[in-house]
Amino acid sequence: MERILPFTEEHHQFREMARKFFETEVKPHHEEWEKNHIVPKEVWRKAGENGLLCPDVPAEYGGSGADFLYNIIIIEESSRVGNSGFFISLHNDVIAPYISTYANDEQKKRWLPKCASGESILAVAMTEPGAGSDLKSLRTSAVDMGDHFVVNGQKTFISNGQLADLIITAVKHDNGTISLVMIEEGMKGFERGRNLDKIGLKAQDTSELYFNDVIVPKTNLIGKQGQGFRYLMQKLAQERLVLSVAAVEATRLVQKITLQYIKERKAFGQKIGSFQNTKFKMAEMATELEMAQVFCDKVVMEHMKGENTTAEASMCKWYTTEMQKRHTDECLQFFGGYGYMMEYPIARAYLDARIQTIYAGTTEIMKEIIGRSLGL
């Protein structure tokens, strides 16, 4: 089906380059990364050399100044090979925009070029042991000491937590307002906890972070003091939208490997794909996938035009991630006992899909946001 997004010949050429990168630099190594529970920093630098990091960042800050469709292409080609360890979209589409949008010129020049080259890896620290979706309940404190803050607290479930060099951290002041500060690798009192053992995303480093009297200069305050909650809310729509793009492509991959299997595997003397139940299930899933693709593309176009897509991005996020989870489960059923074996890609896809309806806002939170947009 032809996409409604306005991809040009330059976009297609970039896609070919991105596809080659993920096929050669990510796919063959993913199993090893899963065993190590982390990806090497070298792959980040290689991605930077190929222009795959922060492509939409202006050239004066180390990026290419490309339009957002280049980011979309990277997300799709990453998901196309089943990548769930090298969290490139988190770096490009979720965290770097906080710097691009809210940081001052000096901060952009200091941080963004290394983010684009892969020398610096980004993380964002919002979630705490007692505060997940409820950001207003966070406890990590930042005491104003004049020219610096003293930060104390703990964060958990931080993606890129072991690898990150720059961590945008949500902190709370004495007056209850929230700010965003950049905590950098090497700051005294900043410690990383264990690399958390998850049921899926085995190659992706997810960590606890600890801040014990960390001195953060005010030159590392991002935007205005006390405006952090507003900044986070403004950027969450894009985070949810790019997760939707990834979910659609991940679902497409699951359907592809399932089709290959059911066209070859036999049961009761005939191919699994020839049974009516299999045909109908695959037909239903193929239809739902194409409908989800069109809606996601529509919201991407609206987002690129600068329109407020808070409700629509929430619609995309809950629907596509629930679709990914459900389709992966239904496809695994066709594999029978083999689907339960980790040597089959469908098994890893099943485990990796489970987190999709939880992070960046649960399905329930998405429906709450949509309900409010309806005046309920």
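## The C-terminal span

In this predicted model, residues 226–374 are 73% helix and 3% strand. The C-alpha atoms at the two ends of residues 226–374 are 29 Å apart. UniProt, in an unreviewed entry, gives residues 226–374 the annotation "domain: Acyl-CoA dehydrogenase/oxidase C-terminal".

## The N-terminal span

A second UniProt annotation, also from an unreviewed entry, reads "domain: Acyl-CoA dehydrogenase/oxidase N-terminal" and covers residues 8–119. Over residues 8–119 the chain is 67% helix and 0% strand. The end C-alpha atoms of residues 8–119 lie 30 Å apart.

## Division into domains

How does the domain assignment divide the protein chain? Domain 1 takes residues 7–119, domain 2 takes residues 121–224, and domain 3 takes residues 227–372.

Between the C-alpha centres of domain 2 and domain 3 there is a distance of 30 Å. Domain 2 gives 15 residues to the contact, and domain 3 gives 13 residues.

## Where domain 2 meets domain 3

About 1200 Å² is buried between domain 2 and domain 3. Of this buried area, 75% is on carbon and sulfur atoms. On the side of domain 2 that touches domain 3, strand β5 (residues 178–184) supplies the largest share, with three residues. By type, the residues on the side of domain 2 that touches domain 3 are eight nonpolar, four polar and three charged.

How many residue pairs are in polar contact between domain 2 and domain 3? The count is five, with both residues of each pair at pLDDT 80 or more. The number of salt bridges found across the interface of domain 2 and domain 3 is zero.

## Salt bridges in the whole structure

Side chains of opposite charge can pair when their charged atoms come close. Searching the whole structure gives 27 salt bridges.

One of them joins D297 and R3, and the closest N and O atoms of this pair are 2.7 Å apart. Why does the pair tie together parts that are 294 residues apart in sequence? D297 is in helix α8 (residues 276–304), whereas R3 is in the segment before α1 (9–26), so the salt bridge links parts of the chain 294 residues apart in sequence.

How values were computed. Residues are numbered from 1 along each chain as its sequence is written. This is a predicted model: local features need pLDDT of at least 70, side-chain atom pairs count only at pLDDT 80 or more; totals for chains, interfaces and linings use all residues. Side-chain values use heavy atoms; hydrogens and water are left out. UniProt positions are given in the numbering used here, feature names are shortened, and annotations may be inferred rather than shown by experiment. Helices (H or I, at least four residues) and strands (E, at least two) are DSSP runs, numbered from the N terminus. Domain bounds come from an automatic or database domain assignment. Contact means heavy atoms within 4.5 Å. Buried area is the accessible area (1.4 Å probe) that two parts lose on being put together, summed over both. A salt bridge is a side-chain nitrogen of Lys or Arg within 4 Å of a carboxyl oxygen of Asp or Glu. A polar contact is a pair of N or O atoms within 3.5 Å; within protein, one must be able to donate a hydrogen and the other to accept it, and residues adjacent in sequence count only if both atoms are side-chain atoms. Ala, Val, Leu, Ile, Met, Phe, Trp, Tyr, Cys and Pro count as nonpolar, Asp, Glu, Lys and Arg as charged, and the others, Gly among them, as polar.
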